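Student: Could you take me through the helix packing here, closely and in one go?

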Amino acid sequence: MTTPAAPAAPKGRLGNGQLRRQVAEYLDSHPGPCKTGEIAKDLGKSAGAVGNALTTLAGRGEADLVPGKPIRYQANSATAAAAAAITPKAPLPPKPAPAPEPAAAAPAPSPAPEPTFTPKPAAAGPVTRPNGQVYQPRALAGMPDVEVLRRLRADSVPALLEGPPGTGKTSLVEAAFGDDLITVAGDGDTTAADLVGEYTQNPDGTFAFIYGPLVRAMQEGKVLFLDDATLISPAVLAVAYPAMDGRREVTVKAHKGEVIKAADGFYVVAGHNPGVHGAILTEALSSRFSCQVKVSTDYDLARALKIDPRAVKAARDLADRQASGEIGWAPQLRELLAFAKIAGILGEDAAIANLVGIAPEEDADAVAEAVAKAFARKTVAPLALGRQI
């Protein structure tokens, strides 16, 4: 069997979404799990940039993360459609050369540059995210939360969203900024090159510098979302600090010391999960985010979504105990939505058992007790295989 050839990697800097299209095409044409490094080598792109593209595809359900080590991805039924949906953008035409001034004429004053960034209109009611899912805005400072983020962007006030995983931080950011968003999934392996870019080898043996997500967001006047920012090394995050303050610029030392100026509309928003092991909010990072918002699960929304009120009650009781420091984990909206879906597929008993089974080991007994009480059960065991049938 002959392995299909990888899609040809175009030379030069790619437009927004084009690397994700190439990666999706690669997965679709290569059956079986693929490593990030081999995809990057075949496409002639940086491992960091390819890793971000793979994370985005998997997060949207357009590719599958294969369990186990090393990290590998494979195509699913949505991968081909995802690749086809990202159409290449035509390059902008060159600007015409200005007409020469008459020798005797005084130089005319330069007109004020027209702003390239136009804030989105205020959100009224549900907002559709790029993946097609609907986000229900929540109240923040007397207005919808998506409107708050858009106003902060308009005045260049960086925002930090702090809360447990599954409370809707990513959903809020995607709803507020839609396709005008570039996301970095932070972890302990994220490097400065993953943010600003690095040299990669082209198929012809030459090398080209590929800008990273931070630089692309600055150049294109887009929003940079640092998801799980506090898992990234403080020394790595420091490369973004000059872009977030009054300087609004970064120096790309690896690319001849090039200075990148932020275009109008560039904005940084970050997510922080304080309960995640290794997440550290340093004073230097905290000081860069003038607006810090606590994000928790909206239990009223959970009820409005027709999630079993007994599951909601158990989650809320556990959240109160978590807030007091008695336990370290409680089901959030993500887990409650999963509960409702599993209950619809496998039934209530399986959904209850799964809710207990996903709890961390150190909090499993407390979660089992709360769930059993809410559902009037004597005991609840995690979802597990039984005897042969």
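**Helices and their core**

Tutor: Start with helix H1 (residues 18-29): at 1.5 Å a residue, its 12 residues should span 16 Å, and its end C-alpha atoms sit 17 Å apart, which agrees. Helices here are DSSP runs of H or I with at least four residues, numbered from the N terminus, and the expected span is 1.5 Å times one less than the number of residues. Bear in mind that this is a predicted model, where local features need pLDDT of at least 70 and side-chain atom pairs 80 or more, while totals for chains, interfaces and linings use all residues. Numbering runs from 1 along each chain as its sequence is written, and side-chain values use heavy atoms, leaving out hydrogens and water.

H1 is largely enclosed by the rest of the structure, because 10 of its 12 residues are buried (under 20% relative accessible area, 1.4 Å probe, protein chains only). Among them are Arg 20, Arg 21 and Tyr 26.

Now for the largest nonpolar core (buried Ala, Val, Leu, Ile, Met, Phe, Trp, Tyr and Cys joined through side-chain atoms within 4.5 Å). It has 31 residues, with Leu 336, Phe 339, Val 371 and Phe 375 making the most contacts inside it. H12, H13, H14, H15 and H16 each supply at least two of its residues, and H16 gives the largest share, 7.

H15 and H16 also pack together, at about 155 degrees with axes 9 Å apart (lines fitted to C-alpha atoms over the stretch in contact, with angles from 0 to 180 degrees between N-to-C directions). So H15 is roughly antiparallel to H16, the label for angles over 145 degrees. Ile 352, Leu 355 and Val 356 of H15 meet Val 367, Ala 368 and Val 371 of H16.

How values were computed: Buried < 20%, exposed > 50% of the residue type's maximum accessible area, 1.4 Å probe, protein only. Parallel < 35°, antiparallel > 145°, perpendicular 65-115°, else oblique. Contact = heavy atoms within 4.5 Å.
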